[in-house]
Amino acid sequence: MRAGLDGLRLPVHVITGDHDMEGGSLDAFYTGLGVPRLPYAVDVRGVRCLFLDLCGPGSGGPDFRLGPDQVAWLAAELEAARGRDCALFMHSYPADLKGDGEAARVADLVHRGPVRLVEMGHTHYNELANDGRTVYAAARSTGQIEEGPVGYAVAAIDGGVVSWRFKELARPWPFVLVTAPADRRLAHDAGHAIGERFTLRALVLGPAERVEFRIDDGPWQAMAREDGARCHAAEVVWPAGARTVAVRAVGAGAEDTDTIEPATDADGLPTSCGIGSDADALGAWPGRGLLGTQLGPNRNGRQW
């Protein structure tokens with residue numbers, strides 16, 4: 001595993017999962033991988049990224065516990081980050097925490113704080129939940145095949161807007177992720193509702209000879225990327241009654257398209273059914289890789 005990670009060109013951050021405690025400690029995790037001790041935080045393009053150890057003082061398996069020191073560290077980090085968007089990386093939902101009062105405490109910290117995205121695993125299936133302030137995202141790993149082709153998730157936080165899409169390993173490049181505006185299902189702020197004009201941005205990974213967008217079934221229009229910019233962009237005039245905007249990248253004999261439904265009604269944004277759990281799960285969304293099958297071993301999974 002360490003040799004494989006060393007071959008990657010991008011920075012890698014590793015967090016613990018329940019199987020890492022099967023030996024009774026995390027000694028093998030830290031000594032074998034040579035990774036920093038959890039918890040810790042790093043800044044990535046203005047987003048404060050917080051990495052937690054859900055094994056903590058737990059006894060292994062799904063006995064997820066942070067412990068008082070780690071909860072206090074999280075509270076202090078979120079307080080210090082006021083005014084900046086945060087992404088939280090932890091193995092499972094806060095509702096899965098078994099420590100005394102930890103589930104409610106951590107869910108409340110996340111819900112009231114500047115956390116825009118919580119990235120998780122554990123489910124063995126892809127899932128997105130929006131609790132009205134924070135998007136929870138779980139992706140199955142590159143080795144889990146219960147729910148279809150293996151792959152990984154690509155996520156972005158663009159001015160507070162969260163976007164997320166699953167990339168199948170076998171799918172050829174390029175890959176497109178619309179980062180702004182917000183899809184109505186992932187919007188959580190009245191400011192995410194578009195007006196008659198807005199800036200469309202899309203992250204394109206892999207070779208692309210042209211990048212373009214269209215509204216509903218209208219004509220494709222070119223997008224451009226300024227020197228030094230991470231995303232392609234275009235200024236869009238939104239027709240009354242329009243529903244979708246799609247971005248397509250074409251290159252190397254392949255193409256990819258990402259389509260969103262922009263939020264247009266600030267009063268119609270998702271509201272929370274319960275915080276820190278899958279209570280706000282969006283269900284199936286094939287365009288994002290959410291099959292809705294829930295084939296996994298966690299407490300919310302179906303028989304698999």
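A residue is called buried when its relative accessible area is under 20%, exposed when that area is over 50%, and partly exposed in between, with a 1.4 Å probe and protein chains only taken into account. By this scale Phe89 is partly exposed, with a relative accessible area of 23%, whereas Phe51 counts as buried at 4% relative accessibility. The model is predicted, so local features need pLDDT of at least 70 and side-chain atom pairs count only at pLDDT 80 or more, while totals for chains, interfaces and linings use all residues. Residues are numbered from 1 along each chain as its sequence is written, and side-chain values use heavy atoms, with hydrogens and water left out.

The chain contains four helices and 15 strands, where helices (H or I, at least four residues) and strands (E, at least two) are DSSP runs numbered from the N terminus. Its radius of gyration is 20 Å, which agrees with the value near 19 Å of a compact globule with 304 residues; this radius is taken over C-alpha atoms, and the globule rule is 2.2 Å times the number of residues to the power 0.38. The C-alpha trace spans about 60 × 45 × 40 Å along its principal axes, and 51% of the 304 residues count as buried. Of the contacts (heavy atoms within 4.5 Å) with a separation of 6 or more, 60% come from residues 24 or more positions apart.

Five aromatic pairs are present in the structure. Rings of Phe, Tyr and Trp (its six-membered ring) pair if their centres lie within 6.5 Å, and planes under 30 degrees apart count as stacked, over 60 as edge-to-face and the rest as tilted. One of the pairs joins Phe29 and Tyr30 edge-to-face, at 5.0 Å centre to centre and with 85 degrees between the planes, and both Phe29 and Tyr30 are buried. Another, between Phe51 and Phe89, is stacked, with 4.8 Å centre to centre and 15 degrees between the planes. Because Phe51 lies in strand E2 (residues 47–51) and Phe89 in strand E3 (residues 86–89), this pair ties together parts that are 38 residues apart in sequence. Ring pairs further link Tyr40 with Phe51 and Phe89 into a cluster.

Charged side chains also sit over rings, a term that applies if NZ of Lys or CZ of Arg is within 6 Å of the ring centre and within 35 degrees of the ring normal. Lys167 lies over the face of Trp173 at 4.4 Å from the ring centre, and the charged end of Arg248 is placed over the ring of Trp220, 4.0 Å from its centre.

An open sheet of four strands follows the order E12-E11-E14-E15 with antiparallel pairing, two strands being paired if DSSP finds at least two bridges between them. Strand E12 (221–222) and strand E15 (254–260) stand at the edges with a single partner strand each, so one side of each is left without a neighbour in the sheet. Strand E11 (residues 210–215) pairs with E12 over two bridges in the antiparallel sense, Phe213 having Gln221 of E12 as its bridge partner. E11 and E12 form a hairpin with five residues between them, and Asp216 in the turn has a positive phi of about 50 degrees. With strand E14 (residues 245–251), E11 pairs in the antiparallel sense over six bridges, and here the bridge partner of Val211 is Ala249.

In helix H4 (residues 102–112), the buried residues include Glu102, Val106, Leu109 and His111; the cover of the buried residues of H4 includes helix H3 (68–80), E3, strand E4 (115–120) and strand E6 (135–138).
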